[in-house]
Amino acid sequence: MNWFIDTFRTSLGKKLLMAVTGLGFLGFIIVHLLGNLTLYAGHEGVFNAYVAKLHQYEALILVAEIGLFALAVIHVTTGLLLFLANRSARSVRYAVTKSGGGRTVGSATMPYTGLAILLFVILHLSNFTFADVTDRTMYDVVAATFSSWIYIIVYVAAVVAVAIHVRHGFWSLFQTIGLNHEKYMPALRAISVALAVILGVGFGLIPIYIGIIV
Amino acid sequence: MSTKTITLTLKVWRQNRSRKKGGFEIYTARDISTDMSFLEMLDVVNEDLVLSGKEPIAFDHDCREGICGMCGAVVDGQAHGPLKETTLCQLHMRHFKNGDTVVIEPWRARAFPVVKDLVVDRSAFDKIIAAGGYISAKTGGAQDANNILVGKEVADKAFNAAACIGCGACVAACPNASAMLFVGAKISHLGLLPQGRPEAKTRVQSMIRAMDRLGFGNCSNETECEAQCPKSISIREIARMNREFVKASFS
């Protein structure tokens with residue numbers, strides 16, 4: 001196992017960890033969005049039925065939760081290590097910096113959008129996953145949360161951070177695992193943008209729809 | 001064709017020894033012909049400095065033809081200045097306007113300590129090469145060139161990677177001071193050719209570990225290296241290196 005640990009101690013190994021765990025999160029967030037689309041049904045029964053259905057697979061959910069937690073631990077600690085190493089790799093900063101056209105808002109802000117998402121996930125879990133639903137439905141919890149302006153703003157801002165993070169993260173993970181080919185990279189870059197927009201709009205409209213329209 | 005002249009204000013990083021703290025000094029580059037290269041402009045400024053009994057600005061240069069990889073400074077925030085695919089020695093003053101203020105800094109990376117003014121020590125690159133950027137086959141007498149067949153497309157790819165002149169602009173341009181474009185280019189140009197294959201696995205392992213030890217940052221796919229590389233080496237070389245690393249590590 002020595003070679004295994006040693007591999008992930010290298011810069012490229014850490015990069016691979018970021019890419020693979022990031023891909024895991026992408027898989028999760030897409031399924032999460034598909035599930036949450038039931039909130040747009042205009043009828044709370046649909047969403048509550050979805051929640052009830054999910055709870056029929058208690059064991060499976062537990063496995064997924066443990067898996068996601070492990071991904072989060074790896075993604076966050078590796079990301080933090082890389083962030084600190086990258087900062088110390090340039091001890092004296094430039095007086096003037098100008099992009100040659102490579103950087104995007106997404107690439108330049110990965111550690112910061114990442115931190116914002118981490119903080120949001122903690123808030124989000126305490127809002128919903130650990131919410132008390134003994135004498136109310138999950139839909140009631142959603143409606144109660146988004147009855148507050150502050151929550152609507154925080155959630156929409158967090159979703160924007162997720163979209164920006166995914167915008168760089170998606171194509172980037174293919175580059176990292178070595179899958180950059182001139183035939184496919186333009187498509188992967190386009191999918192990055194599309195995915196960011198889909199996730200941003202799909203999730204971002206939920207608080208607005210529930211809190212303001214319904 | 002008449003020669004145009006311009007006058008510029010230069011903000012140049014001056015630093016005596018690598019340990020000492022440096023700072024910016026302001027100079028005027030007077031009546032600079034727009035046909036001059038950036039380095040020739042610095043030569044003119046240095047002549048004035050010498051004549052007035054001051055220490056000239058130290059900067060690296062050698063061939064001044066854009067192929068040796070010796071020159072380079074960050075000009076107005078970009079490695080080798082504002083012109084794409086151009087080394088500093090091939091950047092001409094016609095790309096500047098009369099009255100411009102130009103900020104000139106050395107490559108800034110912990111792995112490239114400043115020797116003096118704009119001169120940095122890039123021996124970290126040599127150490128990476130020494131770790132595996134070669135083939136150790138005993139060549140003996142030259143064999144028939146057609147003995148080892150290399151397809152044109154593969155040869156072209158290897159050549160594109162081999163166009164890297166090792167100037168260090170990728171490290172300077174990278175927001176993380178990462179050397180992955182340089183290492184990727186070396187891994188690619190050797191790994192694409194049959195002569196480089198036998199040692200491909202050990203090469204990628206040892207070069208990457210050398211790069212990590214030397215204090216370069218990590219790649220986060222900002223792609224500034226590719227954008228500012230004077231030889232426009234593609235980040236596909238980094239992807240190829242990543243692929244080689246995965247192959248070498250897990251098989």
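Which domains does the domain assignment of chain B give? Here are a few notes on that and on how the chains meet.

1. Please keep in mind that this is a predicted model. For chain B, the assignment yields domain 1 (5-115) and domain 2 (123-250). The C-alpha centres of domain 1 of chain B and domain 2 of chain B are 29 Å apart.

2. The two domains of chain B also touch: domain 1 of chain B brings 18 residues to the contact, and domain 2 of chain B brings 16 residues. On the side of domain 1 of chain B that touches domain 2 of chain B, you will find eight nonpolar, seven polar and three charged residues.

3. Turning to the two chains, 33 residues of chain A contact 39 residues of chain B. On the chain A side, helix H2 (11-36), helix H4 (58-88), helix H5 (105-129) and helix H7 (149-176) each contribute at least two residues. By class, this side of chain A holds eleven nonpolar, 17 polar and five charged residues.

4. Now for the interior. The largest nonpolar core has 98 residues, and B:Cys170, B:Val171, B:Leu181 and B:Val183 touch the most other members. H7(A) gives the largest share of this core, eleven residues. Domain 1 (5-115) and domain 2 (123-250) of chain B each supply at least three residues to this core.

5. One residue worth a look is B:Leu181. Leaving aside residues up to four places away in sequence, B:Leu181 touches B:Cys170, B:Cys225, B:Glu226, B:Cys229, B:Ile233, B:Ile235, B:Glu237 and B:Ile238. As general background, nonpolar side chains in soluble globular proteins tend to be buried together.

Terms used. Residues are numbered from 1 along each chain as its sequence is written. Chains are lettered from A and ligands numbered from 1 in the order in which they are written. This is a predicted model: local features need pLDDT of at least 70, side-chain atom pairs count only at pLDDT 80 or more; totals for chains, interfaces and linings use all residues. Two residues are in contact if their C-beta atoms, placed from the backbone, lie within 7 Å. Helices (H or I, at least four residues) and strands (E, at least two) are DSSP runs, numbered from the N terminus. Ala, Val, Leu, Ile, Met, Phe, Trp, Tyr, Cys and Pro count as nonpolar, Asp, Glu, Lys and Arg as charged, and the others, Gly among them, as polar. Domain bounds come from an automatic or database domain assignment. A nonpolar core is a set of buried Ala, Val, Leu, Ile, Met, Phe, Trp, Tyr and Cys residues joined through C-beta atoms within 7 Å. A residue is buried if 20 or more other C-beta atoms lie within 10 Å of its own, exposed if 12 or fewer, and partly exposed in between; C-beta atoms are placed from the backbone.
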